Number of protein chains: 2
Amino acid sequence: MQEPTFLILTALAAEPLHGYAVIGKVADLSDGRVTLRAGTLYTALDRLTAEGLIDVVREEVVDGRHRRYYALTPPGSSRLTEEAARLRSNATHALRQLRLGGLGA
Amino acid sequence: MQEPTFLILTALAAEPLHGYAVIGKVADLSDGRVTLRAGTLYTALDRLTAEGLIDVVREEVVDGRHRRYYALTPPGSSRLTEEAARLRSNATHALRQLRLGGLGA
DNA sequence: TTGCCATAGTCATGTCATCGGTATATAACG
DNA sequence: CGTTATATACCGATGACATGACTATGGCAA
């Protein structure tokens, strides 16, 4: 799983959001590093829905604009938990190896 | 940057290794999750060399077998440090959002 | 009232890293 | 002498992501 996907799941972890709102939340979560384009976002949302990691919880029409709210499913939640653990482990290993190299060399 | 690439850099962080040895170290670092195939490895090594993140530090012939040792360059080292920080940050954010969602729902 | 901007979502195309398989060569093992 | 392990390399397919153009509505300003 890549960063954009991971951040989309993270954005939906606390509460359901509609597609466009995810873009803003992902920008927040990544400290501005990741600015999703609409195309990237909706392709990812479709894919994640097909995989059962997220789900459409309600659809609204606000001011004539179609809004579709997505939420994390239980499988999506455990998947995100696993991924977070993996990232933490990788980061820890990398920092330790860097320390070893820094001392030795 | 994706997981295999990140793990390759991590494997080279402590000390120079030749290509084939990287496969084993990556398997170790990832607790067996990631088993690099030869194709993936050498394509990645070439790419990382071209990007200046790693470098060939020496070439040997051991028992008639060609061995090429790769090491992290200073740019490679700072890049890996940044990536590790990014992973940690993402993991932390994800776990916090999951907690928020778990409580609220 | 016309035109532009922000919001919201869709679609088509392209790129790039990774994967799987295959090929090459040599040394060690039996 | 055939098989396995080491070591490097090439190639086609896949799949995630990026890019850019497009539709549509409401609000605001010229």
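The numbered points below go through a predicted model of two protein chains, A and B, with DNA strands C and D.

1. Helix α1 of chain B, which spans residues 3–13, is a good place to start. Of its 11 residues 8 are buried, so the helix is largely enclosed by the rest of the structure. The buried residues are F6(B), L7(B), I8(B), L9(B), T10(B), A11(B), L12(B) and A13(B). Several of these names return in the next point, where the packing of this helix is described.

2. What does α1(B) meet in α2(B)? On the side of α1(B) the residues are L7(B), I8(B), T10(B) and A11(B), and on the side of α2(B) they are V22(B), K25(B), V26(B) and L29(B). A general feature of helices helps in reading such lists: an α-helix has 3.6 residues a turn, so residues three or four places apart point the same way. By class, the residues of this contact divide into 6 nonpolar, 1 polar and 1 charged. L7(B), I8(B), T10(B) and A11(B), which take part in this contact, are also listed among the buried residues of α1(B).

3. The geometry of that pair can be stated briefly. Two packed helices are described by the angle between their axes and the distance between the axes. For α1(B) and α2(B) the angle is about 105° and the axes are 9 Å apart. Since angles of 65 to 115 degrees count as roughly perpendicular, that makes α1(B) roughly perpendicular to α2(B).

4. A second packing in chain B joins α2(B) to α3(B), with an angle of about 110° between them and their axes 10 Å apart. These two helices are therefore roughly perpendicular to each other, and α2(B) passes α3(B) in a right-handed crossing. The contact is made by G19(B), V22(B) and I23(B) from α2(B), together with L41(B), Y42(B) and L45(B) from α3(B). The contact of α2(B) with α3(B) has 5 nonpolar residues, 1 polar residue and no charged residues. V22(B) deserves a second look, as it belongs to this contact and also to the contact of α2(B) with α1(B).

5. The two chains touch each other, with 24 residues of chain B in contact with 25 residues of chain A. On the side of chain B that touches chain A, the elements giving two or more residues are α1 and α4 of chain B, the latter covering residues 74–104. Of the elements of chain B, α4(B) gives the most to this side, with 16 residues. The residues on this side of chain B divide into 13 nonpolar, 9 polar and 2 charged.

6. Which residues come nearest to DNA strand C? Of the 25 residues around this strand, they are G19(A), G39(A), Q2(B), G39(B) and G64(B). Two or more residues of the surface near strand C are given by each of α2, α3 and β3 of chain A and α1 and α3 of chain B. The largest share, 6 residues, comes from α3(B). By class, this surface divides into 8 nonpolar, 10 polar and 7 charged residues.

7. Around DNA strand D there are 26 residues, and those that come nearest are Q2(A), G39(A), G64(A), G19(B) and G39(B). At least two residues of the surface near strand D are supplied by each of α1 and α3 of chain A and α2, α3 and β3 of chain B. Here the largest share, 6 residues, comes from α3(A). The surface near strand D has 9 nonpolar, 11 polar and 6 charged residues. G39(A) and G39(B) are named among the nearest residues for strand D and also for strand C.

8. The backbone at residue 31 should be checked in both chains. D31(A) has a positive phi of about 55° although it is not a glycine, and its place is in the loop between α2 and α3 of chain A. D31(B), found in the loop between α2 and α3 of chain B, likewise has a positive phi, near 55°. Are these residues buried or exposed? D31(A) counts as exposed, with 10 C-beta neighbours inside 10 Å, and D31(B) is exposed with 10 other C-beta atoms within 10 Å.

9. Finally, S78(A) lies in helix α4 of chain A, which covers residues 74–104. S78(A) is partly exposed, with 13 other C-beta atoms within 10 Å. S78(A) and L53(A) are 25 residues apart along the chain, and their C-alpha atoms are separated by 9.1 Å.

How values were computed. Residues are numbered from 1 along each chain as its sequence is written. Chains are lettered from A and ligands numbered from 1 in the order in which they are written. This is a predicted model: local features need pLDDT of at least 70, side-chain atom pairs count only at pLDDT 80 or more; totals for chains, interfaces and linings use all residues. A residue is buried if 20 or more other C-beta atoms lie within 10 Å of its own, exposed if 12 or fewer, and partly exposed in between; C-beta atoms are placed from the backbone. Helices (H or I, at least four residues) and strands (E, at least two) are DSSP runs, numbered from the N terminus. Two residues are in contact if their C-beta atoms, placed from the backbone, lie within 7 Å. Ala, Val, Leu, Ile, Met, Phe, Trp, Tyr, Cys and Pro count as nonpolar, Asp, Glu, Lys and Arg as charged, and the others, Gly among them, as polar. A residue is near a molecule or strand if its C-beta atom, placed from the backbone, lies within 6 Å of it. Axes are lines fitted to C-alpha atoms, for helices over the stretch in contact, and angles run from 0 to 180 degrees between N-to-C directions. Angles under 35 degrees count as roughly parallel, over 145 as roughly antiparallel, 65 to 115 as roughly perpendicular and the rest as oblique. A crossing is left-handed if the near helix is turned anticlockwise from the far one by less than a right angle, and right-handed if clockwise.
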